[in-house]
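Let's walk through this one together, starting with a pair of helices and ending with a single residue. Keep the viewer open as you read.

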Amino acid sequence: MRNNKEVGMTLIVKTVTRLSVGLVLLYGIYIVLHGHISPGGGFAGGVIIALSFIHLMLAFGRETALKKLSQTAASVLESLGALMFLAIALLGFLGGYLFFNFFLHKGKPFDLFSAGIIPLCNIAISLEVGAGLFAIFAAVVLFSRDSGIPPDDK
Amino acid sequence: MELQLLLLFMIFAAVVAVEVEDLLSSVIAVGAVGLGLSLAFLILKAPDLAITQLVVEILCLIILIRATIKKDIPLIRDGRWFFNTISTLSFIALFLLFAYFALKELPQFGQPIMRVAKEYIEKGLEKTGATNIVAAIILDFRGYDTLGEATILFTAVMGVLAVIRKVGRINEK
């Protein structure tokens, strides 16, 4: 069933993945950027972005996915997202309290660039959630390889 | 009506998840419960929660299958079924008794007391400019709570990465 010389799954899975993984990533970015207009938001979009990288790792093996986004890079991105969220919260002290919406001109409703800090918060949360969950998955995969348990279909 | 059917399906799937012998089937039954919960959120008109529940459920399913597919834990079945059944039933009775007194005081289902939420709904768009009121509440009015949740997630990820790290681990051969 499985060819041991080749990493990853079969040719069918690889072809479908090559076609669909970009769309999944794009959909995640769409969900994040439209979080203040339509249902969705940073958390859901971040998980979809993480799922696109996990999709890549399941189909092509861990080396291909970790070449796109290494575990260190994922850790850095996650910390960056958390720091960005905290910075937005602290910048609210310009107006007197945490999470003050410091864009005084809120823009038209239903515009992509509207609602002040909310899209920025969504982007920060999506960075944190997406990179964090991918880092956990990569850590689990790498851990099971190193600890002597025979690696299964990765 | 759909909601009740869905809840019955979820209860059935949860019982299957507990009772089935094979660990992989159990994980898949847990996934069925999660997808049912996602549909229930959709019926209760909470699309934000439904999307989040759906994608988190898929991720959890992948991680759980990844974790369980090789190692099948044997179930422990001891002979103390009489004592176990009696204690379970008595705790269920105790829970139902306290729940009866506690739930009598709650407002009716679907008619919440809207003291704070009314202001959010009425002034949400003009104060924040976000048309998705869920985003307006969790990222502006209640942003402090979201900051706490983000910190929890950050700490959890740091903990996992620290426990199962590659660097600096002593190799036991």
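Start in chain A, where two helices pack side by side: from α1(A), the residues A:V13, A:K14, A:T17, A:V21, A:V24, A:L25, A:Y27, A:G28, A:I31 and A:V32 meet A:G42, A:A44, A:G45, A:G46, A:I48, A:I49, A:L51, A:S52, A:H55, A:L56, A:A59 and A:F60 of α2(A). Sort the residues of this contact by character and you get 14 nonpolar, seven polar and one charged. Bear in mind that you're looking at a predicted model.

Now for how the two helices sit. Helix α1 of chain A covers residues 11-33 and helix α2 of chain A covers residues 42-60; their axes come within 8 Å and cross at roughly 165°. Angles over 145 degrees count as roughly antiparallel, so that is what α1(A) is with respect to α2(A). As for handedness, α1(A) passes α2(A) in a left-handed crossing.

Over to chain B. Its domain assignment gives domain 1 as 1-72 and domain 2 as 112-167. Taken over C-alpha atoms, the centres of domain 1 of chain B and domain 2 of chain B are 24 Å apart.

Now zoom in on B:L42, which lies in helix α2 of chain B, residues 23-43. Is B:L42 buried or exposed? It counts as partly exposed, because it has 17 C-beta neighbours inside 10 Å. Leaving out residues up to four places away in sequence, B:L42 touches B:P47 and B:A50. Look for B:L3 too: B:L42 and B:L3 are 39 residues apart in sequence, with 9.9 Å between them in space, C-alpha to C-alpha.

Methods. Residues numbered from 1 in each chain as written. Chains lettered and ligands numbered in written order. Predicted model: local features only at pLDDT ≥ 70, side-chain atom pairs only at ≥ 80, totals over all residues. Axes fitted to C-alpha atoms, helices over the stretch in contact; angles between N-to-C directions. Helix = DSSP H or I, 4+ residues; strand = E, 2+ residues; numbered from the N terminus. Parallel < 35°, antiparallel > 145°, perpendicular 65-115°, else oblique. Left-handed = near helix turned anticlockwise from the far one by under 90°. Contact = placed C-beta atoms within 7 Å. Nonpolar A, V, L, I, M, F, W, Y, C, P; charged D, E, K, R; others polar. Domains from an automatic or database assignment. Buried ≥ 20, exposed ≤ 12 C-beta atoms within 10 Å, placed from the backbone.
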